[in-house]
Amino acid sequence: MGEAKSRRMPRAVRERQMLDAAVRTFGRRGYRSASMDEIAELAGVSKPLVYLYLNSKEDLFTACIRREAAALTAAVRAGVDPSLPADRQLWEGLLAFFTHTAENPDGWAVLHLQARTTGEPFAAEVGAMRAEIVAFVTQLVADASRAGRRDRELPRQEAAALAEALVGAAESLAAWANTTPGIPARQAAGTLMNFAWAGLGGLMEGRPWIPPERTQVPVAAGG
């Protein structure tokens, strides 16, 4: 009876159950410590069935990375309304990012910690996701600077550098927020927004911070 019911379950549903179990296990135990037996038991299937669907532990981990990466990038993109002012676009994007990572802590652990520290080819999978998010934020910064400065937009390289810094800060803050009790997504997003916009706001208006010139210290005669 149970076996017949298992066979009738659509493949997509069964795969989702396996990936849910795998993300939870990999996120909490890491790639090397997680076992296929543990994942199969959590998914409520036999280990041979997991191998039948996803071939190997490496393929299963790769599938987890790709699913979680696609979900995160989709959440960030969906959170940004291009018709909003620049500060609202950045805020909505940050809020979408921190909300998604807070609601999916195991998935975020897989992307931010486990895949990066396990080595290739997993790090490359995460790198591709990160590059997509950085490109999206780069365009957001460039569009905001064009609207705010009127006379000219930021050079592309400068916009890309700001996007790299912003994404890196968001990643670190999400990792901290997910392991620190009492830090809701809105608070994390607000912290980074205040930190970033204090500088970005002036930059968009053509008021960048310029480091002071180094002053020469006079050398005493005979010294």
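Let me begin with methionine 36, which, leaving aside its neighbours within four places in sequence, is in contact with Lys47, Val50, Tyr51, Ser56, Lys57 and Leu60, where contact means heavy atoms within 4.5 Å. Before going on I should say that this is a predicted model, in which local features need pLDDT of at least 70 and side-chain atom pairs count only at pLDDT 80 or more, while totals for chains, interfaces and linings use all residues. Residues are numbered from 1 along each chain as its sequence is written, and side-chain values use heavy atoms, with hydrogens and water left out.

Methionine 36 belongs to helix H3; helices here are DSSP runs of H or I with at least four residues, strands are runs of E with at least two, and both are numbered from the N terminus. This methionine has a relative accessibility of 7% and so counts as buried, given that buried means under 20% relative accessible area, exposed over 50%, and partly exposed in between, with a 1.4 Å probe and protein chains only. Its C-alpha atom is separated by 8.7 Å from that of tyrosine 51, which is 15 residues apart from methionine 36 along the chain.

Stepping back to the whole chain, we have 10 helices and zero strands. Of its 223 residues, 41% count as buried, and among the contacts with a separation of 6 or more, 67% are between residues 24 or more positions apart.

Now to the helices themselves, starting with H2. Helix H2 has 19 residues and reaches 26 Å from its first C-alpha to its last, close to the 27 Å expected at 1.5 Å a residue, the expected span being 1.5 Å times one less than the number of residues. Its buried residues include Leu19, Ala22, Phe26 and Gly27. Just after H2, glycine 30 takes a positive phi of about 90°, and this glycine lies in the loop between helix H2 (11-29) and helix H3 (36-43).

Is glycine 30 buried or exposed? At 5% relative accessibility, glycine 30 counts as buried, and, not counting residues up to four places away in sequence, it touches Thr25 and Gln114. The C-alpha atoms of glycine 30 and valine 110 are separated by 7.7 Å, although the two are 80 residues apart along the chain.

Glutamine 114, the partner just mentioned, has its place in helix H7. With 12% relative accessibility, glutamine 114 counts as buried, and, again not counting residues up to four places away in sequence, it touches Phe26, Gly27, Gly30, Tyr31, Phe61 and Ala109. Asparagine 104, by contrast, is partly exposed, with a relative accessible area of 28%, and it lies in the loop between helix H6 (86-103) and helix H7 (105-118). The C-alpha atoms of asparagine 104 and arginine 24, which are 80 residues apart along the chain, are separated by 9.5 Å.

Let me turn to H5. This helix has 23 residues and reaches 33 Å from its first C-alpha to its last, close to the 33 Å expected at 1.5 Å a residue, and its buried residues include Leu60, Phe61 and Val76. Leaving aside neighbours within four places in sequence, leucine 60 is in contact with Leu19, Ala22, Phe26, Met36, Ile39, Val50 and Leu54.

Leucine 60 takes us to the largest nonpolar core, a nonpolar core being a set of buried Ala, Val, Leu, Ile, Met, Phe, Trp, Tyr and Cys residues joined through side-chain atoms within 4.5 Å. Of its 61 residues, Phe26, Leu60 and Phe98 touch the most other members, and the largest share of this core, 10 residues, comes from H8. In soluble globular proteins, nonpolar side chains tend to be buried together.

My last topic is the empty space. A search of the whole structure finds four cavities of 30 Å³ or more, a cavity being a set of points, on a 1 Å grid over the protein atoms alone, where a 1.4 Å probe fits but cannot get out, with lining residues having an atom within 4 Å of a point. The largest has a volume of about 180 Å³, which is the space filled by probe spheres set on the points, with grid points joined across faces, edges and corners. Of the 18 residues that line this largest cavity, the closest to its centre are Val76, Leu94, Ile133, Val137 and Val167. The elements giving two or more residues to that lining are helix H5 (57-79), H6, helix H8 (122-149) and helix H9 (156-178), and H8 gives the most, with six residues.

Notes
On a 1 Å grid over the protein atoms alone, a cavity is a set of points where a 1.4 Å probe fits but cannot get out, and a pocket is an open set with protein on both sides within 12 Å along at least five of seven lines; lining residues have an atom within 4 Å of a point.
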